[in-house]
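The exercises below concern strand pairing, burial and charged side-chain contacts. Please work through each task with the sequence and the model open before reading its solution.

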Amino acid sequence: MSGGKPDATDTGVERSAPDPTDSVEKPDPTGSVDAPGPTDDDVEKPARAAAGDVGEPGKTPATPADDKSREAREAGNSGKTREAAAGEAAEETGKDAQAEETDGVTKADGATKADGAKADGDPWEAFGPAPETVPTRARRVGRSVGRVLVHEWTLAVLGAVVLAVLLTWPTLRYPLYTIPQDIYDPTLQAWALSWAGHSLLTNPGNLWQANAFYPESWSYAFTDSLLGYAPTGMLGSGPEVAVLRYNVLFVFAHALATFGAYALARQLGAGRIGAAVAGVSFAYAPWLLAQAGHLHIISNGGIPLALAMLARGHGWSLRYGYRPKRRRAGWALAGWLVAAWQLSLGFGIGLPFAYVLGGVVLVAVVTWYVRRYRIRPVRHPFGARLLVTDVIGGLVFAATGGLLAIPYFKVAELHPNARRSIADIEVYSPPASGFFTAPGESRIWGDLHEGARAVLPWHPEMTLLPGFVLYALAAGGLFFSVWRLRHRLLLLAGVLVSMVLAMGTRFFGGTFTYVPLFETLPGWDGIRTPGRLMIWTTLLLGLLAAGALTALAMRVRELAAQRIPPWPGPWLRTATLLPLLLVIVEGLNTTPHPVVPPQPTAMRTVDGPMLVLPSSQSNDQPVMLWTTTRFQDVVNGGSGFTPVRLAETREVTRTFPDPTSIDHLRRLGVRVVVIPRGQVAGTPWETTIDLPVDGLGIRREEIGDAVVYRL
């Protein structure tokens with residue numbers, strides 16, 4: 001049988017297709033069974049090869065199975081039958097196969113009897129490692145949620161929100177009835193938010209033709225529109241809902257400012273403590289406490305957040321420089337969209353931001369060109385995808401600014417008195433002492449700086465203290481920081497330039513600083529309060545402080561590594577947290593939260609066009625809020641300027657009701673005059689409100705606590 005088919009266990013040249021499990025030995029989990037050693041055939045093969053036992057040419061070498069067949073034939077020649085010889089050969093072959101299975105050479109098949117015998121016969125198998133548990137879908141979801149909850153950015157958002165609620169308290173204590181700072185500009189802005197949502201739901205094409213300042217056109221552009229918050233105005237109606245909306249956005253604006261500055265500092269390379277100081281100092285600087293009644297100034301968090309996203313998208317960091325592998329076009333696009341949203345909140349701080357962003361883009365383009373073609377010529381150093389993203393994002397930002405500017409140019413054309421002059425800038429330009437004077441709303445410095453405020457011509461816009469703690473930390477950051485020296489000098493230059501511009505005409509008359517910007521840059525003449533440029537001073541001081549505190553934290557870790565055990569002690573941990581606590585304390589406030597005047601019942605039932613008396617800049621702003629139930633047209637209105645026609649109406653109606661005032665109102669199209677009794681104390685109507693109107697051609701009636709005259 002030497003010419004027969006070799007057995008599957010043979011080691012000859014001709015073999016059947018191997019089983020996939022043959023090539024991998026299954027190790028014993030206990031380690032008690034070694035890998036199988038060489039068989040007898042493996043030992044005999046070299047010996048036979050050395051002796052020249054390779055068989056005849058063209059013939060298959062002899063195998064153990066052939067030897068067994070030969071032995072069987074010899075047994076048959078000696079008197080045994082062929083069947084007996086075959087039986088012995090088969091028995092020998094079975095024994096060899098059983099021996100090979102015992103040595104672990106056979107296939108690892110859990111269903112075979114050999115494996116079952118091995119498992120039963122090896123007591124150490126019970127001590128092998130347990131099979132890995134496959135987590136359920138619920139557990140996987142739970143783990144993912146847990147990772148999100150403990151992520152740095154989640155904690156940063158939650159921390160910013162909690163801090164905003166605490167440091168703006170009691171804004172959310174009675175959010176339906178009280179409002180921060182005073183009842184004038186905040187009620188105006190609460191109306192603006194409501195009007196935007198109402199108009200977008202009912203008649204979007206009529207957005208800029210607001211119901212106030214009747215019969216003036218483009219009246220929604222008489223002040224910063226806060227248009228970026230318009231979606232919130234679609235929820236609910238009425239004065240109480242408007243006040244609630246304003247209070248929630250007031251807290252949100254502080255949280256966004258904190259998070260935005262934190263994100264920018266982190267992207268530039270600052271540590272967590274340094275970034276936290278940058279965020280808190282940017283949102284709660286003492287000078288901003290005087291701006292608590294100006295939501296369009298408090299809502300500045302989009303500035304650092306947009307810069308952080310743009311820097312992340314371009315793979316750029318102040319500490320690590322440009323890293324092309326970290327470029328992300330999606331982050332760059334998000335940065336442009338956030339910048340456009342910030343611009344939509346108003347040009348008061350949005351316009352300087354637009355010019356700063358344009359300057360950054362110009363510097364980046366020049367730097368890229370010089371490095372690309374002059375210093376280090378490389379192929380595609382920027383990336384086509386990111387370049388396209390920047391072009392699209394820049395166009396969206398520019399289009400947003402251009403479309404929003406059209407109504408304001410219309411207002412300037414129709415109302416020349418709305419334009420600012422250098423004389424107006426001089427009124428609001430703060431002296432250098434303003435940078436060290438806190439507003440009265442500061443809990444720490446308010447009373448101490450009362451004398452310093454008394455000598456300022458208009459202290460609400462001239463108390464510009466960003467914080468003495470911030471000053472100290474930024475000064476330390478000039479000498480001890482993770483930022484490079486040139487970057488520290490650039491940050492210092494930015495601080496000085498922004499402070500000089502914030503002084504308006506007080507710095508050598510502004511001849512070479514503010515006045516050229518006022519006269520040459522489009523839209524700059526609409527900014528009447530240069531002190532609000534302190535936003536940039538505060539942000540840059542915060543970045544200097546973040547660099548110093550990051551270096552301090554690194555030094556603390558180095559000292560901690562030298563301890564046994566290597567863990568920072570309580571004093572070292574306190575040293576890193578103390579600056580943050582001091583910045584928070586310096587941002588504490590005593591901002592008042594007055595009760596908003598309740599809406600007269602007549603404002604919920606009477607249609608316009610109407611005039612509510614008495615009318616003045618301060619009285620008309622709550623009146624605008626009262627119209628948020630029906631949004632009827634009203635002559636009343638308060639903003640940064642007073643239209644000529646409204647000023648004439650106020651003057652003529654001082655003697656209402658009389659023929660002259662009635663005739664004037666009829667020519668304007670006014671059909672109803674409302675005089676709330678709670679507003680007449682100290683006015684001419686205190687004595688005339690109950691007089692009869694016989695012979696004047698009008699009707700008088702009382703609705704609730706107001707007297708209504710129908711013309």
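**Exercise 1.** Identify the bridge partner of Val673 in β6, and then the residue that stands opposite Val673 in β3.

*Solution.* In β6, Val673 has Tyr709 as its bridge partner. The two strands concerned, β4 and β6 (residues 706–710), run antiparallel and pair over five bridges, where strands count as paired if DSSP finds at least two bridges between them. Strands themselves are DSSP runs (E, at least two residues; helices are H or I, at least four), numbered from the N terminus. Turning to β3 (residues 610–612), which pairs with β4 in the parallel sense over three bridges, one finds Leu611 opposite Val673.

Before going on, note that this is a predicted model, in which local features need pLDDT of at least 70 and side-chain atom pairs count only at pLDDT 80 or more, while totals for chains, interfaces and linings use all residues. Residues are numbered from 1 along each chain as its sequence is written, and side-chain values use heavy atoms, with hydrogens and water left out.

**Exercise 2.** Determine how many residues of β4 are buried, and which of them point the same way from the strand.

*Solution.* Strand β4 spans residues 672–676, and five of its five residues are buried, that is, under 20% relative accessible area with a 1.4 Å probe and protein chains only (exposed is over 50%, partly exposed in between). Val672, Val674 and Pro676 point one way, whereas Val673 and Ile675 point the other way.

**Exercise 3.** Trace the salt bridges of Glu702, and decide why Glu702 is classed as buried, partly exposed or exposed.

*Solution.* A salt bridge here is a side-chain nitrogen of Lys or Arg within 4 Å of a carboxyl oxygen of Asp or Glu. Glu702 meets this criterion with Arg677, their closest N and O atoms lying 2.8 Å apart. That pair links distant parts of the chain, since Glu702 belongs to β5 (residues 699–703) and Arg677 to the loop between β4 and α25 (685–688), 25 residues apart. A further salt bridge joins Glu702 to Arg700 (3.4 Å, N to O). Glu702 counts as partly exposed because its relative accessibility is 44%; Arg677, at 31%, is partly exposed, and Arg700 is partly exposed at 29%. Through shared partners, salt bridges join Arg677, Asp690, Arg700 and Glu702 into one network.

**Exercise 4.** Establish how many salt bridges the whole structure contains, and whether Arg654 and Glu651 are buried or exposed.

*Solution.* The search of the whole structure finds 15 salt bridges. Arg654 and Glu651 form a salt bridge at 3.5 Å, N to O, and both residues are exposed.
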